[in-house]
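Thank you all for coming. I would like to walk through one chain this morning, moving from a single residue outwards to the strands and then to a pair of helices, so please have the structure open as we go.

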Amino acid sequence: MGYILLALAIIAFALIISNIHFVQQSRAYVIERLGAYHSVWSVGPHFKIPFIDRIARRVSLKEQVLDYPPQPVITKDNVTMQIDTVVYFQITDPKLYTYGVEQPMMAMETLTATTLRNIIGDLELDQTLTSRDVVNTKMRAILDEATDPWGIKVNRVELKNILPPADIQNSMEKQMKAERDRRQAILQAEGSKKSAILLAEGERESAILRADAEKQAAILRAEAERESAILKAEGEAEAIRKVQQALADSLAMLNEKAPNEQVIKLKSIEAMQKIADGKATKIIIPSEMQGLVGLANGIVEGTKE
């Protein structure tokens, strides 16, 4: 009898131990009691009543990723493409996830494929290739709303690959090559244009600099000639002054004596000089005074030497 009680105690202890459960972080257990939903266990230790309670589903509350294989879709302009999608989702309500839909992952895959076909069917090929963000946003909104009754929140949807048919890819590659060639031709033309402009500007600046240099050289030559003429004129004026001084000295010496015919002629020359005053261009000298003027010119030439 004692062995039977011991055995029963051991069985009861083992049964109690086996029905103690520890729920890990970011997980939840859906519990059924007598076949009906009872509760959701969160993080921590829990005890399950043997033969009455049952763990219906163990649910992960972490964000999960579903990578679906390529799906054939037809665009608005009747081009068939292969598109594979990636869906990021998170279970927010373990009860709805357990009882909302049968095989939720398969339901998510089917819903994603049909939604993708509906959206791509309204777009042409070029729009599909250039509007990934628009397609991602529309799919996320539709899937998130449709999976709310299943306790699932769709966080993000991404179009992983878009594979057009081979002939479309060849046409696109040829179009891209033609576009690159066109851009290269434009860049070369712009480079040639800029080079010609810079060359013309360089020639214009060089011509301007040469003209400025010639102008400065002409100005310097003119100033040199002017200074030379001034110096020459000053020398002639100094020579005339010396002649006048010599004549004045001669007159003074003659005046000390009785004036004669030469003194009178010298006085006449002085009078003629005052009459001309540097403004007359032509002076008629009487024949009787030409000898005296020749004497004056000889004196001037001797002074210059």
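Let me begin with His21, which is buried, since its relative accessible area of 16% falls under the 20% below which a residue is called buried. I should say at once that this is a predicted model, so please hear everything that follows as a description of that model. His21 belongs to strand S1, and if we set aside residues up to four places away in sequence, His21 touches Trp41, Gly44, Pro45, His46, Lys48 and Ile55.

The rest of that strand is worth a look as well. In a regular strand the side chains alternate between the two faces of the sheet. Along S1 we can follow such an alternation, with His21 and Val23 pointing to one face and buried, whereas Ile20 and Phe22 point to the other face and are not buried. S1 pairs with strand S4, residues 44–47, in the antiparallel sense and over four bridges, and within that pairing the bridge partner of Phe22 in S4 is Pro45.

Moving along the chain, we come to the loop between S1, residues 20–23, and S2, and in that loop we find Ser26. Which sign does phi take at Ser26? Phi is positive there, at about 65 degrees, although the residue is not a glycine. Most residues other than glycine have a negative phi, and that is the reason I stop at this position. Ser26 counts as partly exposed, because its relative accessibility is 26%, a value that lies between the 20% and 50% limits.

Now to the sheet that contains S2. This is an open sheet of three strands in the order S3-S2-S5, with antiparallel pairing. S3 and strand S5, residues 53–60, stand at the edges with a single partner strand each, so one side of each is left without a neighbour in the sheet. From one strand to the next, the twist averages 25 degrees.

How many bridges join S2 to S3, and how many join S2 to S5? Between S2 and S3, the latter being residues 36–41, there are five bridges, and between S2 and S5 there are seven. Glu32 lets us see both sides of this arrangement, for its bridge partner in S3 is Tyr37, while in S5 it stands opposite Arg54.

The hairpin of S2 and S3 has two residues between the strands, and there Leu34 takes a positive phi near 55 degrees. Leu34, then, is another residue other than glycine with a positive value, and its place is in the loop between S2 and S3. Is Leu34 buried or exposed? Leu34 counts as exposed, because its relative accessibility is 70%, which is over the 50% limit.

Just before that loop is Arg33, which is found in strand S2, residues 27–33. Arg33 is partly exposed, with a relative accessible area of 31%. Leaving aside neighbours within four places in sequence, Arg33 is in contact with His38, Ile49, Ile52 and Asp53. I would draw your attention to Asp53 in particular, since the C-alpha atoms of Arg33 and Asp53 are 4.4 Å apart in space, although the two residues are 20 apart in sequence.

Let me turn next to the helices, and to H3 in particular. H3 covers residues 104–120, that is 17 residues, and reaches 24 Å from its first C-alpha to its last, close to the 24 Å expected at 1.5 Å a residue. Several of its residues are buried, among them Leu111, Thr112, Thr115, Leu116, Ile119 and Ile120. Those residues of H3 meet Val135, Lys138, Met139, Ile142, Leu143 and Ala146 in H5.

How do the two helices lie against each other? H3 packs with H5, residues 132–146, at an angle of about 135 degrees, and their axes are 10 Å apart. The two are therefore oblique to each other, because an angle has to be over 145 degrees before it counts as roughly antiparallel. The crossing of H3 and H5 is right-handed.

To finish, a word on the chain as a whole. Its secondary structure comes to eight helices and nine strands, and buried residues make up 24% of its 305 residues. Of the contacts with a separation of 6 or more, 62% are between residues 24 or more positions apart.

Notes: Residues are numbered from 1 along each chain as its sequence is written. This is a predicted model: local features need pLDDT of at least 70, side-chain atom pairs count only at pLDDT 80 or more; totals for chains, interfaces and linings use all residues. Side-chain values use heavy atoms; hydrogens and water are left out. Buried means under 20% relative accessible area, exposed over 50%, partly exposed in between (1.4 Å probe, protein chains only). Contact means heavy atoms within 4.5 Å. The expected span of a helix is 1.5 Å times one less than its number of residues. Two strands pair if DSSP finds at least two bridges between them. Axes are lines fitted to C-alpha atoms, for helices over the stretch in contact, and angles run from 0 to 180 degrees between N-to-C directions. Angles under 35 degrees count as roughly parallel, over 145 as roughly antiparallel, 65 to 115 as roughly perpendicular and the rest as oblique. A crossing is left-handed if the near helix is turned anticlockwise from the far one by less than a right angle, and right-handed if clockwise.
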